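Student: Could you take me through one part of this structure up close? I'd like to look at the surroundings of the ligand.

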Amino acid sequence: MAQDDGLLVAVIMGSKSDWETMRHAVDTLAKFGVAHEARVLSAHRTPGPLADYIAGAEKRGVEVIIGAAGGAAHLAGVIASHTLLPVLGVPMESALKGLDSLLATVQMPGGIPVGTLAIGKAGATNAALLAIAILANTRPELKQKLKEFRAEQARKILSETLT
Ligand code: RP5
């Protein structure tokens with residue numbers, strides 16, 4: 001039985017050390033007024049609680065899950081293995097500048113998809129924007145906010161002056 005509490009996006013990161021980057025995803029979701037929750041859960045350090053959280057998130061009505069990890073970054077793939085919800089992966093910067101995280105997140109064997117974003121802050125922000133775009137398919141008010149966001153970005157670029 002679903003216990004819909006209005007939550008739409010779950011943001012999971014493998015370590016608290018990912019938070020400085022992933023706060024950009026959370027800030028973006030908050031800016032658009034999208035109900036979200038951020039948790040630290042690790043694919044290899046807390047596999048059981050991670051699986052339990054994903055099952056609970058589905059029951060609570062979550063529609064998109066963002067998974068962020070660094071190094072041997074299997075978190076997003078493991079999340080995707082537990083759910084049919086769309087999973088967006090954000091590779092964290094790492095000892096290898098995030099290239100290891102990127103490859104580990106993006107190179108999913110065919111069958112269990114993870115939509116992988118850019119390394120670091122840009123990926124965190126874009127994961128939130130992509131989650132919002134997915135939600136906006138059935139929510140006209142969110143689509144309108146995305147249109148305004150894009151228009152504002154365009155205004156800023158067009159008003160740039162070079163001295
Ligand atoms: C990954 O290992 C985490 O997502 C983090 O990016 C990286 C390092 O974790 P800590 O050693 O800082 O906890 O699992």
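Tutor: Here is a walk around the ligand, followed by a short look at how some helices pack. Keep in mind that this is a predicted model.

Let's start with who is there. The ligand is surrounded by Gly 14, Ser 15, Ser 17, Asp 18, His 44, Arg 45, Ala 69 and Gly 70. Sorted by character, that shell has 5 polar residues, 2 charged ones and 1 nonpolar one.

Now for the polar contacts. Ser 17 reaches in with its side chain, where an N or O atom is 2.6 Å from an oxygen atom of the ligand. Arg 45 also uses its side chain: one of its polar atoms lies 3.3 Å from a ligand oxygen. With Gly 70 it's the backbone that takes part, through an N or O atom 3.0 Å from an oxygen atom of the ligand. As for cover, the ligand on its own would expose 360 Å², and the protein buries 66% of that.

On to the helices. Two packed helices are described by the angle between their axes and the distance between the axes. Helix H1 covers residues 19-31 and packs against H5 at an angle of about 30°, with the axes 7 Å apart. Angles under 35 degrees count as roughly parallel, so H1 and H5 are roughly parallel to each other. Their crossing is right-handed.

H5 (residues 121-136) also meets H6 (residues 140-158): their axes come within 8 Å and cross at roughly 140°. That angle makes H5 oblique to H6. Here the crossing is left-handed.

Note on methods. Residues are numbered from 1 along each chain as its sequence is written. This is a predicted model: local features need pLDDT of at least 70, side-chain atom pairs count only at pLDDT 80 or more; totals for chains, interfaces and linings use all residues. Side-chain values use heavy atoms; hydrogens and water are left out. A residue is near a molecule or strand if one of its heavy atoms lies within 4 Å of it. A polar contact is a pair of N or O atoms within 3.5 Å; within protein, one must be able to donate a hydrogen and the other to accept it, and residues adjacent in sequence count only if both atoms are side-chain atoms. Accessible areas come from the Shrake-Rupley method with a 1.4 Å probe; for residues, only the protein chains shown count as cover. Ala, Val, Leu, Ile, Met, Phe, Trp, Tyr, Cys and Pro count as nonpolar, Asp, Glu, Lys and Arg as charged, and the others, Gly among them, as polar. Axes are lines fitted to C-alpha atoms, for helices over the stretch in contact, and angles run from 0 to 180 degrees between N-to-C directions. Helices (H or I, at least four residues) and strands (E, at least two) are DSSP runs, numbered from the N terminus. Angles under 35 degrees count as roughly parallel, over 145 as roughly antiparallel, 65 to 115 as roughly perpendicular and the rest as oblique. A crossing is left-handed if the near helix is turned anticlockwise from the far one by less than a right angle, and right-handed if clockwise.
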